[in-house]
Each structure stands twice: as C-alpha cells, then as structure tokens.
Amino acid sequence: MNTMFERPMTLTSSGETLDLSPDYFGELLDSSDVLHDMSVLRERMERDGYLYLPAMLDRAEVLDARRAIATQLAEAGHFLPYSDPMECLAVPGGNGAFIPKIAMQTPELLRVLYGETMMDFWAQFLGEPARHFDFTWFRATAPGRATPPHTDAVYMNRGTQNLFTCWTPIGDVPLEHGGLMMLEGSHLHDKLRQNYSSKDVDSVCENLRPDLKTSRQNMMKSGVFGALSSRPAKLRDALGGRWLTTNYSAGDILIFSIYTVHCSLDNTSNRVRLTSDSRYQRASEPADERWVGENPIGHGEAAKRTLIC
Ligand SMILES: O=C(O)CCC(=O)C(=O)O
C-alpha cells in the first residue's frame, strides 16, 4: 500500500479546479510489491483498470533518455537559453506538446520503452510473446497545457481490444508538472464502452448530413480531437469514482486499459514535462493498422473509413 502523499491545496486540470476531498481525489495504488506476481497484476488490472509500478525501470536509463531528448529540445529552442537542458526550463510562451518524431531518432528512449525489461514484462503479463506499436506518442508538455479526459479506445480500437498503454515519465513528474490521472472504475462503465469508447475518430458516416458526417467532427465537440469532456471535475460527478494520481519519478510506469478514462493535471510549473505513451499487446492478435509498420499512417487521410451509421 502507498503512504498517502501530502495532499496539495489546489490542483487544476483543463483549467477546472478539482475537489481534493477524499471521496473525489486520491493516490494511485502502488503495485510494485507484486511486480512478479502476474496473476495478482492481472486481477488488479481487471479490477482497477490500471497498474502503477514505481521503479519498474532503471532510473539511470530513463535519465539517459531524458538527457538525449532534452539536448535536442534545447537545440530547437524549447528551453531558456544557457539553462541546463536536464532542468527543462521552458521558454515563455513556448509550445510543442506532441513530438512523436523525436522518439524514433532517440535510441536511448527506444531502449527504455521497447528494450528487454519492458518487453519481458509484457510477455509475462500477457502470457505470450508481446509486440508494441511502432508509433510512439512522445510529449514535451509546456507550462499551462493539459490533456482532457478521454479513453484510448477511440484512437486505436481497430485491432485487439486487449491493448494497453504504458505512460512513462522521462524524468521526475511531481504534481505541479501535470502528470496523468486515472478515473477510478471508469473502465467498468458499460454505457461509456458501448457509446463513446466504441467510436473511431477516423470513421466517416456516409449517410449523414455533411455537417454530421464524420465522427471525427463530432469528436471535436469538446475542442480536442477525440476527447470525452473538457471538464474533468464535472465528468467525475457524472461517472463517479475518484481522480487518482501521484508524484511520479523517473523509472516509474503507469499502465492502463484502452477503456480507462484518463487526463492530465495542468502543468503549473515553469518546466516542460517530458513523458511518453507507448502501446503493447499480444503479438498473435490483430494490431490497429494505423500505428504499426515502418511509417504508421496515424490519423492521416489513409486512416479514414466510411460507414453507414
Ligand atoms: O501525457 C498526457 O498528457 C496524456 C497521455 C495519454 O493520454 C495517454 O497516455 O493515453
């Protein structure tokens, strides 16, 4: 069990102040004590929709990846001139939230995300050889920015549904840097699975009026492609559960199902938050064609599917 972290005075997500009372907000369950007991880990994933595994990775390797990426970001002008790149001190008004390209050109990061430690863990957890998506979602999240609530299903549900995200802080991510939060119990919400989470952001409804035609357009309603809501506190009131998070350290991982609702805290610090999300599944099961291969098509034109809705 975790020791309860010091409860902060205020936290915001997507600009909304969160209720931090114990019924609404709490700390992620630490599962590092059962890291090698796959049946307990699987049970917890079924029950909680996530596993938080502090210090699962080699901290020194993660910090090597941080150094390699921070050096490139410093050269590209993301950090204060003459500052130590490892500090990731943001230039005022800087942006650059999502930089998948940087992952492919940084072997130190690929070793952390897809090396032996990680792939052995997934093979054991899934009970057979595992594969990862070839696309890596790398984020250099500037101050002020947050990811709104969503499930990953809407972006990657064309292959197996037995697909998992691994969110990996590439450095320490205390609360004020805007780490990830899980909405407790949200993966068990049937209506959410049947409605929102069964959508596909790249599908097009051919038989609908042009203004309703793409679920892609419909899924822009909350301002962010595929988001479930732009109001994390209000969403919690509707779905129940608590928003769960922690102060993350380099070496920790947080893994979750494609049906678990999550979002990030606002980054209220003066630093750029470096994190990645990568995806894993059984190698024998079908993989979503948008995210595999030498040049994954992603959400581009080639990903569009037409449907009669
Ligand atoms: O890091 C973030 O802000 C969002 C991460 C995320 O949505 C994911 O890992 O699926």
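A polar contact is taken here as a pair of N or O atoms within 3.5 Å. In the predicted model, a polar side-chain atom of Trp 167 meets this cut-off, lying 2.9 Å from an oxygen atom of the ligand. The side chain of Thr 147 also places an N or O atom 2.5 Å from a ligand oxygen, and for a polar side-chain atom of Asp 152 the distance to an oxygen atom of the ligand is 3.0 Å. On its own the ligand has 290 Å² of accessible area, of which the protein covers 99%. Around the ligand there are 14 residues, and those that come nearest are Thr 147, Trp 167, His 262, Arg 273 and Arg 279.

The largest nonpolar core comprises 41 residues. Within this core, the most contacts are made by Phe 121, Trp 122, Phe 125 and Leu 274. Helix α5, spanning residues 116-126, is the main contributor, giving six residues. With residues up to four places away in sequence left out, Trp 122 touches Gly 127, Glu 128, Ala 130, Phe 164, Cys 166, Ile 255 and Tyr 280. A further core of 28 residues lies apart from the largest one, and its members include Leu 18, Leu 175, Leu 235 and Ile 258. In soluble globular proteins, nonpolar side chains tend to be buried together.

Leu 235 belongs to helix α9 (residues 232-239), in which Pro 232, Ala 233 and Arg 236 are buried as well. These buried residues are on the same side of α9 because they cover an arc of only 160° around the axis. Lys 234 and Ala 238, on the other side of the helix, are exposed. The strands against which the buried residues of α9 pack are β1 (12-13), β2 (16-17), β8 (180-183), β10 (243-245) and β12 (262-264). Just after the helix, Gly 240 adopts a positive phi of about 80°.

Arg 158 is located in the loop that runs between α6 (153-156) and β7 (164-169). Residues count as buried under 20% relative accessible area, so Arg 158, at 13%, falls in this class. Two polar contacts of its side chain were identified: one of 2.7 Å with the side chain of Asp 200, and one of 3.0 Å with the side chain of Glu 289. Apart from neighbours within four places in sequence, the residues in contact with Arg 158 are Asp 200, Asp 202, Ser 203, Asp 288, Glu 289, Arg 290, Ala 303 and Arg 305.

Notes
Residues numbered from 1 in each chain as written. Predicted model: local features only at pLDDT ≥ 70, side-chain atom pairs only at ≥ 80, totals over all residues. Heavy atoms only, no water. Buried < 20%, exposed > 50% of the residue type's maximum accessible area, 1.4 Å probe, protein only. Helix = DSSP H or I, 4+ residues; strand = E, 2+ residues; numbered from the N terminus. Arc of directions from axis to C-beta. Contact = heavy atoms within 4.5 Å. Core = buried A, V, L, I, M, F, W, Y, C linked by side-chain atoms within 4.5 Å. Near = heavy atom within 4 Å. Polar contact = N/O pair within 3.5 Å; in protein donor to acceptor, adjacent residues only side chain to side chain. Areas by Shrake-Rupley, 256 points an atom, 1.4 Å probe, with all protein chains shown as cover.
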